Amino acid sequence: MAAELTNADLAPTRPSERTWNAWHIASLWIGMSVCIPSYMLASSMIADGLSWQLSLVAIFLGNAIVLVPLVVSAHAGTRYGIPFPVFARASFGVVGTHVPSLLRAVVACGWFGIQTWIGGLALDALLAILMPGWASLGGDWRLMGFGAPQYLGFALFWLVNVYFVWSGTEGIKRLETIGAPLLVALCLALLGWALAVSGGFASLLDGAARLAAGRATDESTPLRLIPWTTAMVGYWATLSLNIPDFTRYARSQRDQVAGQALGLLTTMPLVAFIGIAVTSATVIRYGEPIWNPVNLLARLSAESGHPAVGIASMMAILVATLTTNIAANVVAPAVSFANLAPARVTFRTGGLIAAAAGVAILPWRLLDVYQGWLLSYSGLLGAVGGVMLADYVIVRRGRLAVEDLYDARGRYAYTRGVNRAAVAALACGVLAALAGLVDARVRVLFDAAWFSAGGVAAGVYLLLMARQTVPSSTSEAA
């Protein structure tokens with residue numbers, strides 16, 4: 001293996017390192033799925049005119065669709081023990097791999113900043129309960145609309161994230177395994193409160209129907225599932241690329257497939273339904289919908305008169321945000337930055353770079369702008385997935401020559417380390433999706449960006465690769 005293409009974090013995992021079973025993989029997905037954005041997913045769909053039933057259909061359907069590329073990409077990680085940037089070398093080249101890995105890293109850094117800011121606000125609320133003088137720190141000082149307590153909460157939560165980055169993948173595994181049952185317990189507790197307030201399941205569903213009352217439009221048909229299903233696919237589109245970063249530690253293909261299906265297909269719809277149910281209960285209890293669980297838990301804490309309720313609530317939100325942030329937004333850029341300069345950058349160093357980038361984007365200032373941009377950007381990354389899946393499934397039929405993935409002169413060197421067919425296909429896929437913004441008649445191309453970009457990229461890639469002679473790959477495992 002060439003020293004310039006590998007280090008301890010990029011090398012194939014050894015059998016002794018493959019300790020993740022199905023429950024560990026499922027816990028990973030539970031930890032990422034139970035978060036504030038997942039809880040509030042249906043609110044945007046209902047506000048757009050969908051019924052609560054169609055909202056849940058869109059969420060489940062999107063997760064079921066994205067599970068397919070997740071399992072296929074994960075297959076390479078488990079079979080060969082390689083991370084995402086190394087896997088991408090097969091299709092993009094040993095140098096060209098930097099294109100997809102850094103495109104993925106940009107999204108992760110943006111989401112890292114946003115999630116860390118959200119977690120920092122929860123920590124600020126928790127410290128205000130524990131320390132009566134906390135809220136008055138800094139007096140009237142303000143910067144960009146926020147005071148010292150908010151920025152200190154952000155800084156402290158940022159340091160907690162950095163701690164787990166420094167702990168490495170084993171520390172992340174422990175965090176997700178411990179956090180998963182706690183997060184499920186929080187969701188079920190909120191659902192129990194909703195049932196108690198509403199007086200039963202029937203009343204709860206009736207309240208859910210009232211949430212959408214007045215918002216339904218003539219377009220409230222299954223056709224509106226297209227953009228929202230695409231948005232749901234885009235929600236995890238980035239993870240469908242770098243899932244090998246985790247499944248390279250899986251004990252078997254059965255563990256990664258069962259763990260992903262169990263964790264993803266159950267948790268996301270459940271959390272979204274609980275968000276709908278609990279919000280319906282707030283209409284019954286308070287006469288208005290409260291979609292944000294932070295606001296609801298703060299209100300319940302004040303009503304109870306017991307600080308312990310507020311402390312437990314904020315701690316749960318902190319754990320939910322932390323498990324999502326570490327797994328979804330730190331591992332990918334950490335490995336990608338390590339891939340840029342393996343001899344100088346380790347996983348830990350790459351994680352610190354990602355953490356610093358999350359501060360540099362000023363998430364407290366540009367939160368709304370970044371969220372909308374990142375969702376669109378994630379959909380466009382379907383083009384990367386189209387190229388990689390077409391290469392792995394159709395061109396190479398799941399067979400890679402592992403040694404050549406770490407050889408600057410091997411079969412994946414292409415032209416100066418770049419597979420021009422992959423780069424061209426990627427560009428065609430992105431342009432096809434963006435065409436939907438130029439011409440309203442083909443708006444569906446952008447609304448279904450993950451599908452259009454991925455489909456076009458895969459098709460163009462297969463056409464271009466058909467003109468090349470692809471050496472047979474003989475390696476069966478790392």
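This passage looks at two helix pairs and the nonpolar cores of a predicted model.

Start with helix α13 (residues 293–304) and helix α14 (residues 307–329), which pack at an angle of about 165 degrees with their axes 8 Å apart. Since angles over 145 degrees count as roughly antiparallel, that makes α13 roughly antiparallel to α14. The crossing here is right-handed. On the α13 side, the contact is made by P293, V294, L297, A298, S301 and S304, and these meet V309, G310, S313, M314 and I317 of α14. Sorted by type, the residues of this contact come out as seven nonpolar, four polar and no charged.

Further along the chain, helix α20 (residues 420–438) packs with helix α22 (residues 449–465) at an angle of about 150 degrees, and their axes lie 7 Å apart. That makes α20 roughly antiparallel to α22. This pair, too, has a right-handed crossing. Plenty of alanines turn up in the α20 part of the contact, including A421, A422, A424 and A425, while α22 brings in residues including V456, V460, Y461 and L464. The tally for this contact is 16 nonpolar, two polar and no charged.

Then there are the cores. The largest nonpolar core holds 131 residues, and W29, W236, I276 and L400 touch the most other members. Helix α7 (residues 148–198) gives the most to this core, supplying 13 residues. What does W29 contact, leaving aside its neighbours within four places in sequence? The list is L70, W236, L239, I243, Q260, G263 and L264. Another core, of seven residues, lies apart from the largest one, and among its members are A105, C109, F337 and V345.

Methods: Residues are numbered from 1 along each chain as its sequence is written. This is a predicted model: local features need pLDDT of at least 70, side-chain atom pairs count only at pLDDT 80 or more; totals for chains, interfaces and linings use all residues. Side-chain values use heavy atoms; hydrogens and water are left out. Axes are lines fitted to C-alpha atoms, for helices over the stretch in contact, and angles run from 0 to 180 degrees between N-to-C directions. Helices (H or I, at least four residues) and strands (E, at least two) are DSSP runs, numbered from the N terminus. Angles under 35 degrees count as roughly parallel, over 145 as roughly antiparallel, 65 to 115 as roughly perpendicular and the rest as oblique. A crossing is left-handed if the near helix is turned anticlockwise from the far one by less than a right angle, and right-handed if clockwise. Contact means heavy atoms within 4.5 Å. Ala, Val, Leu, Ile, Met, Phe, Trp, Tyr, Cys and Pro count as nonpolar, Asp, Glu, Lys and Arg as charged, and the others, Gly among them, as polar. A nonpolar core is a set of buried Ala, Val, Leu, Ile, Met, Phe, Trp, Tyr and Cys residues joined through side-chain atoms within 4.5 Å. Buried means under 20% relative accessible area, exposed over 50%, partly exposed in between (1.4 Å probe, protein chains only).
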